[in-house]
Amino acid sequence: MANSSVVLTNKNYLAEAKIRSHFVATDVPVSDGGEDTAPTPVEYLLTAIGGCVAITLRMYAARRSWDVGEITVNVFQLKDEQGSYLTEEISFENDITEDQRKRLLVFAGKCPVARMVKGETRIESLIK
């Protein structure tokens, strides 16, 4: 089971998180009242989606012995008249066939982080 413990420090919006044996920080830009000392939570979410999609695609390609080379996933948060949404741009170092492209695109949407963001994970909040 995954776990992250986040503590918001006394330095405006700087938060420190411990994830297993790793430590990361989040902050917000100066324009939003932070000190811009670390990525924002949204930037980490975009990174988590991109990393998860890339890993999912690598696993799928490897099971089929497809040599796709490096996988690059750029994830963007955009806004329009309907609100905020995310878009992914996925590219492969090596050429892929049209059939591989279609199958990889289907599996890109099956990464666990993307599924969480799409609302497939219940969140329960408790105050102790």
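The dialogue below goes through helices, core, salt bridges and backbone angles of a predicted model.

Me: Let me start with helix 1. How many residues does helix 1 have, and what distance does it reach from its first C-alpha to its last?

Reply: The expected span of a helix is 1.5 Å times one less than its number of residues. Helix 1 has 23 residues and reaches 33 Å, close to the 33 Å expected.

Me: Which residues of helix 1 are buried?

Reply: Buried means under 20% relative accessible area. In helix 1 the buried residues are Leu-46, Ile-49, Gly-50, Cys-52, Val-53, Ala-54, Thr-56, Leu-57, Tyr-60 and Ala-61. They pack against strand 4, strand 5, helix 2 and helix 3.

Me: Thr-56 is in that list. What is its relative accessibility, and which residues does Thr-56 touch beyond four places away in sequence?

Reply: Thr-56 lies in helix 1 and counts as buried at 15% relative accessibility. Not counting residues up to four places away in sequence, Thr-56 touches Phe-107, Cys-111 and Pro-112.

Me: Now the nonpolar core. Which residues of the largest nonpolar core touch the most other members?

Reply: The general idea comes first. In soluble globular proteins, nonpolar side chains tend to be buried together. Here the largest nonpolar core has 18 residues, and those touching the most other members are Val-53, Leu-57, Trp-66, Ile-71, Val-73 and Cys-111. At least two residues of this core come from each of helix 1, strand 4, helix 2 and helix 3 (112–120). Helix 1 gives the largest share, 8 residues.

Me: Take Ile-71 from that group. With which residues is Ile-71 in contact, leaving aside neighbours within four places in sequence?

Reply: The contacts of Ile-71 are Ala-54, Leu-57, Arg-58, Ile-90, Ser-91 and Phe-92. Of these, Ala-54 and Leu-57 are among the buried residues of helix 1.

Me: On to helix 2. Which of its residues are buried, and where do they fall when seen down the helix axis?

Reply: Helix 2 covers residues 98–108, and its buried residues are Gln-100, Leu-104 and Ala-108. Viewed down the axis of helix 2, these buried residues fall within an arc of 75°, so they line one face of the helix. Their cover includes helix 1 (41–63) and strand 5 (83–92).

Me: How do I read the salt bridges, and how many does the structure hold?

Reply: Side chains of opposite charge can pair when their charged atoms come close. The cut-off is a side-chain nitrogen of Lys or Arg within 4 Å of a carboxyl oxygen of Asp or Glu. The structure holds 3 salt bridges.

Me: Which side chains in helix 2 meet in a salt bridge with Arg-101 and with Asp-99?

Reply: Arg-101 pairs with Glu-98 at 2.6 Å, N to O. Both lie in helix 2, 3 residues apart, about one turn of the helix. Arg-101 is partly exposed at 38% relative accessibility, and Glu-98 is partly exposed at 44%. Asp-99 pairs with Arg-103 at 3.4 Å, N to O. These two are 4 residues apart in helix 2, about one helical turn. Asp-99 is partly exposed, with a relative accessible area of 44%, and Arg-103 is partly exposed at 33%.

Me: With which residue does Glu-124 form a salt bridge, and is Glu-124 buried or exposed?

Reply: Glu-124 forms a salt bridge with Arg-122, and their closest N and O atoms are 2.9 Å apart. Glu-124 is exposed, with a relative accessible area of 58%. Arg-122 counts as exposed at 69%.

Me: Last, the backbone. What is phi for Arg-20 and for Ser-65, and where do these residues lie?

Reply: The point to check is the sign of phi in a residue other than glycine. Arg-20 is not a glycine, yet its phi is positive, about 55°. Arg-20 sits in the loop between strand 2 (15–19) and strand 3 (22–26), and is exposed, with a relative accessible area of 65%. Ser-65 has a positive phi near 60°. Ser-65 follows helix 1, in the loop between helix 1 and strand 4 (71–80). At 66% relative accessibility, Ser-65 counts as exposed.

Me: And His-22, in strand 3: how many residues apart in sequence are His-22 and Ser-4, and what is their distance in space?

Reply: His-22 and Ser-4 are 18 residues apart in sequence and 9.7 Å apart in space, C-alpha to C-alpha. His-22 is partly exposed, with a relative accessible area of 40%.

Definitions and conventions
Residues are numbered from 1 along each chain as its sequence is written. This is a predicted model: local features need pLDDT of at least 70, side-chain atom pairs count only at pLDDT 80 or more; totals for chains, interfaces and linings use all residues. Side-chain values use heavy atoms; hydrogens and water are left out. Buried means under 20% relative accessible area, exposed over 50%, partly exposed in between (1.4 Å probe, protein chains only). The arc is that of the directions from the helix axis to the C-beta atoms. Contact means heavy atoms within 4.5 Å. A nonpolar core is a set of buried Ala, Val, Leu, Ile, Met, Phe, Trp, Tyr and Cys residues joined through side-chain atoms within 4.5 Å.
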